[in-house]
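Me: Please take a close look at a single part of this molecule and describe it carefully. I am new to the structure, so a short account of the whole would help me to place that part.

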Amino acid sequence: MKNEDLNNISETGFKTPDNYFESFEDKLFERLADQDNNIGVNDTGFKVPDNYFDTLEDTILDKLDQEETPVVQLRPRTKFYYIAGIAASIVLILALFINRNTVDELSVEMVESYFENKDLDSYELAELLTETEILEEDFEIIETNLDEENIETYLLDNADLEYILE
């Protein structure tokens, strides 16, 4: 067959007899009724020798070796794991209590002497402190006497009046 013919096949090649599907069910029921629910299989094809199942157990036990094997424990290290866990917890508890007594506390004098001995500018100092450490309560508020005229001129020159009025 040529390759051109393979691309232009219009038929599947399978054919059924005329009126096959219309009469299939009727033919099937007739065949079942004629043979009294026996489709034609009279023999299974398997034969078992006489008294086979009576002697089967004895022949199997004769073939097995009856030697005793030593029993192997599946979990021989469980006691080791328990002891290791208890020892680790005791070491942890001791480490927590021993380190609690040796903690050095920072005093105010130590911090002040550190800042006095170091030459830190304001940017380096700001890097050391976080926003939560800088609170208004820690600083002194210096009261100054301001003239109303100076405040007015400052606001008129620098403030956005529309934003203030809103």
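Reply: Accessible areas, as used here, come from the Shrake-Rupley method with a 1.4 Å probe. On that basis, the accessible surface of the protein comes to about 18400 Å², and carbon and sulfur atoms account for 55% of it. The model is a predicted one. Its secondary structure consists of 8 helices and 0 strands, so that, read from the N terminus, the order of elements is α-α-α-α-α-α-α-α. Of the 166 residues in the protein, 0% are buried, a term that stands for a relative accessible area under 20%.

The part chosen for a close look is helix α2, together with the loops on either side of it. Helix α2 covers residues 20-34, which makes 15 residues. From its first C-alpha to its last, α2 reaches 20 Å, close to the 21 Å expected at 1.5 Å a residue. The helix is hardly covered, for the count of buried residues among its 15 residues is 0.

A patch of negative charge on the surface is formed by Glu 25, Asp 26, Glu 30 and Asp 34. Of these, Asp 26 may serve as an example. Asp 26 lies in helix α2, and its relative accessible area is 46%. Asp 26 counts as partly exposed because this value falls between the limits of 20% and 50%.

The loops on either side of α2 each hold a residue of interest. Asn 19 is found in the loop between α1 (3-7) and α2. Asn 19 has a positive phi of about 55°, although it is not a glycine. In general, most residues other than glycine have a negative phi. With a relative accessibility of 55%, Asn 19 counts as exposed, because that value is over 50%. In the loop between α2 and α3 (52-63) one finds Asn 51. The phi of Asn 51 is near 55°, again a positive value in a residue other than glycine. Asn 51 counts as exposed, at 55% relative accessibility.

Another part of the surface offers a nonpolar counterpart to the charged patch. Leu 106, Met 110, Val 111, Tyr 114, Phe 115, Leu 120, Leu 125 and Leu 128 form a nonpolar patch there, with about 720 Å² of accessible area together. The elements that give two or more residues to this patch are α5 (108-117) and α6 (122-128). Helix α5 gives the most, with 4 residues. Leu 128, a residue of the patch, lies in helix α6. Its relative accessibility is 49%, and Leu 128 therefore counts as partly exposed, since exposed residues must be over 50%.

Methods
Residues numbered from 1 in each chain as written. Predicted model: local features only at pLDDT ≥ 70, side-chain atom pairs only at ≥ 80, totals over all residues. Heavy atoms only, no water. Expected span 1.5 Å × (residues − 1). Buried < 20%, exposed > 50% of the residue type's maximum accessible area, 1.4 Å probe, protein only. Patch = residues over 30% accessible without salt bridge, like charges linked within 9 Å, V, L, I, M, F, W, Y side chains within 5 Å. Salt bridge = Lys/Arg side-chain N within 4 Å of Asp/Glu carboxyl O. Lys, Arg positive; Asp, Glu negative; His and termini not counted. Charge placed at Lys NZ, Arg CZ, Asp CG, Glu CD.
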